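Please open the model in your viewer and keep the sequence panel beside it, since this tour asks you to select a few residues at each stop and to look at what surrounds them.

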Amino acid sequence: MRHIGMMLVSCILLVTCLGCSIAKPSSNLLYQRLGGYHGLELIADDLLQLISQDERIVGHFRETDISIFKQRLVEHLCVVSGGGCDYQGESMLNAHQGLNISQADFDAIVGHLTQAMQQNDIPIQTRNALLAKLAPMYGDITNH
């Protein structure tokens, strides 16, 4: 009888330990709340569409290979949101050096990114969380 009791306790401890070691689904990751990689691609598609229609900023992209830009954008958003992707692009400072991006240009992109996320039914808390992660890059992107 004592042997059965010890086995029962061992089983309970084993199940408890397994429960502790199994990672919780990371559904709370910003990356996942943005729809994962496919969601970021959809957001990037909508963002690029909005930029293409904005005469204030579209000139900054005349010399840009849009397919590569989209790929790097998705990779960057993936990394920033915790998706664990491998970003192949340059640093924000190097990528924007000499482009003379003004605060108004930056604000226009932020507005379009916000609209692109709205178009993809991203909740406002998630939109704000992504924008908060991007905001510190302002100095690397503008006025140089």
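Begin by selecting Ala-108 and displaying its surroundings: once its neighbours within four places in sequence are left aside, Ala-108 is in contact with Asp-54, Arg-56 and Ile-57. Keep in mind during the whole tour that you are looking at a predicted model. Ala-108 belongs to helix α6, and it counts as buried because its relative accessible area is 6%, which is under the 20% cut-off for that word. If you now add Leu-50 to the selection and draw a distance between the two C-alpha atoms, you should find 9.9 Å, although Ala-108 and Leu-50 are 58 residues apart in sequence.

Stay with two of the contact partners of Ala-108, namely Asp-54 and Arg-56, and show their side chains. Asp-54 and Arg-56 form a salt bridge, in which the closest N and O atoms are 2.6 Å apart. Which of these two residues is buried, and which is exposed? Asp-54 is buried, at 7% relative accessibility, whereas Arg-56 is exposed, with a relative accessible area of 58%.

A search of the whole structure finds three salt bridges, and you can visit the others now. Select Asp-45 and Lys-70, whose side chains meet in a salt bridge with an N to O distance of 2.7 Å. This pair links distant parts of the chain, with Asp-45 in helix α3 and Lys-70 in helix α4, 25 residues apart. Both ends are partly exposed: the relative accessible area is 36% for Asp-45 and 22% for Lys-70.

Next, select Arg-72 and Glu-75, where the side chains meet in a salt bridge at 3.2 Å, N to O. Here both residues lie in helix α4, three residues apart, which is about one turn of the helix. Arg-72 is partly exposed at 28% relative accessibility, while Glu-75 is buried, with a relative accessible area of 7%.

From helix α4, turn to the empty space in the model. Rolling a probe the size of a water molecule over the atoms shows where empty space is left. The largest pocket has a volume of about 970 Å³, and to find it you can select Phe-61, Phe-69, Leu-73, Met-92 and His-96, which lie nearest its centre among the 33 residues of its lining. Which helix gives the most to this lining? It is α4, with six residues. If you colour α3 (36-52), α4 (66-80), α5 (92-96), α6 (103-119) and α7 (124-134), you will have marked helices that each supply at least two residues of the lining. Colouring the lining residues by character instead would show 22 nonpolar, six polar and five charged ones.

Finally, zoom out and select the whole protein chain, which contains eight helices and zero strands. Of its 144 residues, 29% count as buried, and the chain exposes about 9200 Å², of which carbon and sulfur atoms supply 59%. Among the contacts in the chain with a separation of 6 or more, 72% are between residues 24 or more positions apart; the pair of Ala-108 and Asp-54, with which you started, is a contact you can return to as you look over the whole model.

Key
Residues numbered from 1 in each chain as written. Predicted model: local features only at pLDDT ≥ 70, side-chain atom pairs only at ≥ 80, totals over all residues. Heavy atoms only, no water. 1 Å grid on protein atoms, 1.4 Å probe; cavity = no way out; pocket = protein on both sides within 12 Å on 5 of 7 lines; lining within 4 Å. Points joined across faces, edges and corners; volume = space filled by probe spheres on them. Helix = DSSP H or I, 4+ residues; strand = E, 2+ residues; numbered from the N terminus. Nonpolar A, V, L, I, M, F, W, Y, C, P; charged D, E, K, R; others polar. Salt bridge = Lys/Arg side-chain N within 4 Å of Asp/Glu carboxyl O. Buried < 20%, exposed > 50% of the residue type's maximum accessible area, 1.4 Å probe, protein only. Contact = heavy atoms within 4.5 Å. Areas by Shrake-Rupley, 256 points an atom, 1.4 Å probe, with all protein chains shown as cover.
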